[in-house]
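Welcome! Please have a look at the model below, and then let us walk through its strands, its overall build and its surface together.

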Amino acid sequence: AMGGNNTQPKFILLGITDTPWAQAPLFGLFLLIYIITLAGNVGLMVLVWVAPSLHTPMYFFLTHFSLADVCYSTVISPKMLTDLLSGSKTISWAGCVTQFHLFALFVTAECHLLAAMAYDRHVAICHPLLYVTVVSPRACWLLVAWSYLVASLSALVYTSCTFGGSFCGRHQVDHFFCDASPVLRLVCSDTRGSEAAVFALATANGLGTSVVILLSYGRILHAILGMRSAPSRARAFRTCASHLVSVSVFYGTLFFMYLQPASRHGSRDKVASVFYTVVSPMLNPFIYSLRNKEVKAALGKCGRRM
């Protein structure tokens with residue numbers, strides 16, 4: 001079925017904008033965001049690694065979440081940055097497939113890691129006495145392994161559906177990275193089956209994990225409102241509020257992108273994509289950690305040790 005790929009194995013990424021004067025400022029902005037993303041996420045991973053006080057399930061999940069953030073922003077940002085600077089925006093067939101596959105893998109992993117984190121908070125707040133036994137180190141590793149396993153299998157399906165047809169005619173991908181809907185638009189064979197499969201699996205992953213998150217936070221809110229002491233109510237609320245902000249940004253843009261019919265996709269997609277591919281990975285370390293007394297204390301300790 002991959003007959004069309006051999007004749008013209010290159011794609012052209014049209015990028016975020018074709019306005020010449022906007023390229024340099026966008027390059028500066030996205031380079032800054034990418035540097036902050038790497039510094040924030042890698043910094044958080046190192047901090048959790050060296051600070052014994054952060055060797056808890058919540059931070060264990062957070063390091064994997066940061067790792068996924070680093071990976072998928074690296075799958076997208078460097079290519080986008082070089083495209084903003086250079087005139088040629090081509091990407092090879094293999095490069096396009098690899099970029100989409102890794103992107104799909106890490107984004108799907110993040111959905112499942114967010115669900116694991118919500119479950120972790122739910123057990124911590126609603127069943128504190130059972131916490132140590134329920135969220136054991138083994139359970140943590142199993143949840144992370146499950147996240148990567150589901151993500152790997154999902155990514156295989158997404159990639160084979162997206163790139164399985166025959167490509168003919170123009171190879172211009174109207175986007176700044178190889179994503180499913182702009183690539184599927186270039187397929188000249190019938191893509192309804194592929195689109196339906198991608199849509200169904202994206203829905204299963206997105207809705208499945210968001211249901212776990214909503215149920216967890218529903219139970220957490222119920223527990224918080226039932227707490228007697230105001231300070232512990234406020235503390236529990238703060239932790240959950242920061243998680244929910246991150247979840248809302250991530251899922252809001254993902255659902256906008258992937259849970260709409262192919263015919264509805266347009267230029268607004270690029271703006272939504274910038275949010276979860278570029279902005280969201282930068283914000284996560286700040287949302288999750290800087291509001292936390294534990295992280296601030298660990299940072300202070302590390303600073304004093306140095």
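## How the strands pair

Strand β1 and strand β3 (residues 172–173) run parallel and are joined by two bridges. Within this pairing, Ile12 has Gln172 of β3 as its bridge partner. Strands β1 and β2 (residues 90–92) run antiparallel instead, with three bridges between them, and here Ile12 stands opposite Thr90. Two strands count as paired when DSSP finds at least two bridges between them.

Together, the three strands make an open sheet of mixed pairing, in the order β2-β1-β3. Its edge strands are β2 and β3, each of which pairs on one side only. As a reminder, strands of a sheet pair through backbone hydrogen bonds, either parallel or antiparallel.

## The two faces of β1

Which side chains of β1 are buried? Along residues 10–13 the side chains alternate: Phe11 and Leu13 point to one face and are buried, whereas Lys10 and Ile12 point to the other and are not. Buried stands for under 20% relative accessible area, with a 1.4 Å probe and protein chains only.

## Where this comes from

This is a predicted model, in which local features need pLDDT of at least 70, side-chain atom pairs count only at pLDDT 80 or more, and totals for chains, interfaces and linings use all residues. Residues are numbered from 1 along each chain as its sequence is written, and side-chain values use heavy atoms, leaving out hydrogens and water.

## Overall build

The protein has eleven helices and three strands, following one another from the N terminus as α-β-α-α-β-α-α-α-β-α-α-α-α-α. These elements are DSSP runs, numbered from the N terminus: helices are H or I with at least four residues, strands E with at least two.

The radius of gyration, taken over C-alpha atoms, is 21 Å, which agrees with the value near 19 Å for a compact globule of 306 residues. That rule is 2.2 Å times the number of residues to the power 0.38. The C-alpha trace spans about 65 × 40 × 30 Å along its principal axes. Among contacts (heavy atoms within 4.5 Å) with a separation of 6 or more, 79% come from residues 24 or more positions apart.

## Burial and surface

Of the 306 residues, 49% count as buried. The accessible surface is about 14,600 Å², and carbon and sulfur atoms hold 71% of it; the areas come from the Shrake-Rupley method with a 1.4 Å probe, and for residues only the protein chains shown count as cover.

Note on methods: Buried means under 20% relative accessible area, exposed over 50%, partly exposed in between (1.4 Å probe, protein chains only).
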